[in-house]
Amino acid sequence: MSGDAVKGVAAVAPPRPRRQALPPLARFLIRRVLVAVLLAWGVTVVTFVLTNLVPGDPVAANLGQRAMSDPEIVAQWRAEHGLDKPLWEQYGMYLQGLVQGDLGDSQQSHRPVSQDLAEAVPATLELAGAAILVSLVLGVAFGVIAALRRDRLSDHLLRLVSLVGISVPTFWLALVAFYVFFYRLRLTPGSGRVDPALGAPPPVTGLHTVDALLAGQWDVFGSAVGHLITPALVLALYTIGLLTRFTRSAVLEVLGQDYVRAARAKGLPERVVLFRYVLRSALVPVITVAGLAFGSLLSGTVLVESIFAWPGIGQYAFKSATTLDLPAVMGVGLVVGVVYLVINLIVDVLYGVIDPRVRLR
Amino acid sequence: MRRDPLARKGLTARLPQAWRQPLAVSGVVIAVAWLVIAVAAPWLAPHDPLAQELPRLAPPGPDHWFGTDQLGRDVLSRVMHGARVSIPLTLALVALSLLIGGLLGACAGYFGRWVDETIMRLADLVFAFPTVILAMVVAAALGASLTNAVLAVLVVAWPAYARVTRGLVLGVREREFVLSGRLLGFSAWRSLRVDVLPNVTGPILVLATLDIGTALLLLSGLSFLGLGAKPPSPEWGAMVSSGVEVFDSWWVATFPGLAILTVVLAFNFLGDTLRDALDPRTARAIKERAL
């Protein structure tokens with residue numbers, strides 16, 4: 001009986017608008033993901049167009065003088081790499097391969113680009129991950145201290161430190177750090193990811209520190225951390241400066257809000273006001289900046305990895321860009337672009353989850 | 001009389017106080033010093049920056065304050081002449097990206113619709129790549145030269161201006177004095193030029209000042225990677241790069257690096273001061289603090 005009644009009501013009631021079917025958060029997520037997918041497609045177009053506008057001749061960059069003088073070898077080489085076909089066909093082939101996870105073969109290493117990248121990406125993620133961790137901890141702490149001690153000596157000092165941090169040329173700092181801490185003081189191990197005498201830990205995640213822990217190799221873990229410290233700190237300095245400045249102004253803005261004054265007025269201890277009221281809302285925008293900062297970290301790796309002989313994507317990108325190794329350059333551009341997109345997507349989504357107002361935009 | 005009177009008054013009223021800070025003063029002093037060096041390098045430098053006539057890799061001493069490099073050139077003279085290479089290029093680079101990005105951003109914000117969509121999606125695409133990697137790929141694709149490095153930095157630098165300008169123009173577009181101009185029969189271009197742009201230049205100039213440092217870092221970074229200035233040229237990034245080869249002789253890489261650091265620092269001091277003088281949010285925070 002009651003079942004029929006429900007049916008009857010359902011039949012009479014007008015159909016609900018379809019848009020109501022999804023909660024706002026889900027709609028927000030779907031929209032964000034769609035935009036990211038569209039941008040990822042754009043990234044493939046950009047990398048492809050850029051690498052094909054090359055006035056520099058990849059043939060000249062890859063074949064020796066003697067091979068160059070023989071038109072037959074040149075033609076064969078061009079055919080081998082599909083350079084004799086029209087551009088749109090090359091793009092079609094490229095996309096087709098991409099869907100199957102095939103990024104082409106590197107002209108320098110003669111191995112699949114995907115294989116080269118699979119080895120390089122974890123190395124860079126380990127370096128950049130360590131750097132973003134350090135900069136989040138130090139940058140936020142410095143920023144909060146500077147804001148709370150506004151216009152006092154520590155605020156001025158931290159302002160100076162953060163300005164120097166964003167002004168230092170990373171490649172130069174890497175060189176200076178390498179010279180001072182390794183060459184002069186012998187405090188840190190030299191280049192590479194781990195002591196060659198110990199060898200790399202059995203690969204699971206590709207992150208040497210994590211893999212060493214998983215395998216229970218404490219000496220390898222120590223060596224990996226030791227090798228990581230200097231490049232990560234060098235890389236982090238810029239982000240520390242950025243986050244310090246941003247956190248400071250975010251905290252200052254919240255400190256001036258009425259609800260903070262109200263919390264103080266009702267006699268809450270300063271610690272509670274700071275953590276429960278101020279930091280909670282001040283740190284939300286910091287997430288966005290930290291996400292953007294991760295991009296600048298990925299950039300910085302190009303300049304740092306070459307000094308520390310860190311076998312990551314920065315070094316790989318540099319090597320393939322200077323030798324005009326087109327498949328490798330496209331692969332790096334694509335992977336880095338997509339990693340960057342994914343991070344931005346995560347940041348966007350986190351932001352939407354934390355702050356419901358964002359979803360309504 | 002079409003400029004927003006409040007904004008103008010606020011700027012001039014707050015400037016003097018902001019410029020009395022030690023950071024601002026040292027920023028001005030360092031920047032002016034470098035500009036003087038850039039102009040007067042031929043007379044100030046003790047040696048020819050390209051002549052390979054001195055003892056090789058001599059450490060810093062009374063004869064050569066900054067030592068000599070592996071080809072027997074005076075590092076001090078090269079650092080001084082480097083200012084003539086890097087500083088004008090960086091300033092031109094920032095001016096160009098401000099012009100291009102600002103104009104595109106203003107069009108996007110003012111005209112809206114498909115103009116906005118096209119320009120901003122293009123900017124999004126550039127933002128989808130980390131700057132150094134994109135600049136490196138562009139520079140490598142164009143071929144290694146200083147001009148191409150500048151072009152590469154330009155490609156990655158304009159979207160920031162486009163975004164900021166667009167946001168500012170969106171805020172001004174619907175204001176009464178702009179609308180009344182349109183009602184008086186101003187064309188879209190005239191309205192943009194006469195009513196809108198003068199009201200958004202302040203914040204964009206601050207951004208440009210802060211961007212000078214970033215642009216110099218990027219440009220010298222490309223040269224460091226061998227994608228910018230060609231070897232004999234006394235460009236600072238290329239000099240640091242050549243210092244990597246002679247690791248023992250720390251002075252070869254240290255001094256050009258310090259040159260980059262001080263120039264970038266000076267312009268960041270200036271930009272920071274300008275922003276404090278302009279940013280209404282900071283100004284509000286100061287006011288509320290005073291209450």
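The paragraphs below lead through a predicted model with a chain A and a chain B, beginning with confidence and ending with single helices.

Chain A has a mean pLDDT of 79, and 86% of its residues reach 70 or more. Among the elements of this chain, helix H7 (residues 113–148) has the highest mean pLDDT, at 90, whereas helix H1 (residues 2–12) has the lowest, at 43. Over residues 1–11 of chain A the pLDDT is below 50, and this stretch has zero contacts in the model beyond near neighbours in sequence. Where pLDDT is low, the predicted coordinates should not be read in detail.

In its secondary structure, chain A holds 16 helices and zero strands. Of its 361 residues, 39% count as buried, and among the contacts in chain A with a separation of 6 or more, 70% come from residues 24 or more positions apart. UniProt, in an unreviewed entry, places the feature "transmembrane region" at residues 33–54, 127–148, 160–182, 220–243, 282–308 and 328–354 of chain A. The model can be read alongside that record: residues 127–148 of chain A are 100% helix and 0% strand, with end C-alpha atoms that lie 32 Å apart, while residues 328–354 of chain A are also 100% helix and 0% strand, with end C-alpha atoms 39 Å apart.

One residue of chain A gives a sense of distance within the chain. A:Lys319 is found in helix H14 of chain A, and it counts as partly exposed because 18 other C-beta atoms lie within 10 Å, where 20 or more would make a residue buried and 12 or fewer would make it exposed. From A:Lys319 to A:Gly352 there are 33 residues in sequence and, from C-alpha to C-alpha, 39 Å in space.

Where the chains meet, 43 residues of chain A are in contact with 41 residues of chain B. The elements that give two or more residues to the chain A side of this meeting are helices H2 (24–52), H8 (153–167), H9 (170–184), H11 (218–255), H13 (270–308), H14 (313–322) and H15 (326–354) of chain A. By class, that side has 30 nonpolar residues, 12 polar residues and one charged residue.

For chain B, the UniProt annotation "transmembrane region", again from an unreviewed entry, covers residues 21–45, 87–111, 132–157, 204–229 and 249–271. In the model, residues 21–45 of chain B are 92% helix and 0% strand, and their end C-alpha atoms are 32 Å apart; residues 87–111 of chain B are 100% helix and 0% strand, with end C-alpha atoms 35 Å apart.

Two helices of chain B can be followed in detail. Helix H6 (residues 146–173) of chain B has 28 residues, so at 1.5 Å a residue it should span 40 Å, and the 39 Å between its end C-alpha atoms agrees with this. H6(B) nevertheless bends by about 30° at B:Val155, and a proline, B:Pro159, follows within four residues.

Helix H9 (residues 201–224) of chain B has 24 residues and should, by the same rule of 1.5 Å a residue, span 34 Å; its end C-alpha atoms are 33 Å apart, which agrees. H9(B) bends by about 35° at B:Asp211. Because 19 of its 24 residues are buried, H9(B) is largely enclosed by the rest of the structure. Just after H9(B), B:Gly226 takes a positive phi of about 85°.

Conventions. Residues are numbered from 1 along each chain as its sequence is written. Chains are lettered from A and ligands numbered from 1 in the order in which they are written. This is a predicted model: local features need pLDDT of at least 70, side-chain atom pairs count only at pLDDT 80 or more; totals for chains, interfaces and linings use all residues. The expected span of a helix is 1.5 Å times one less than its number of residues. The bend at a residue is the angle between axes fitted to the seven residues ending there and the seven starting there. pLDDT is the predictor's confidence in each residue, from 0 to 100. Two residues are in contact if their C-beta atoms, placed from the backbone, lie within 7 Å. UniProt positions are given in the numbering used here, feature names are shortened, and annotations may be inferred rather than shown by experiment. Ala, Val, Leu, Ile, Met, Phe, Trp, Tyr, Cys and Pro count as nonpolar, Asp, Glu, Lys and Arg as charged, and the others, Gly among them, as polar.
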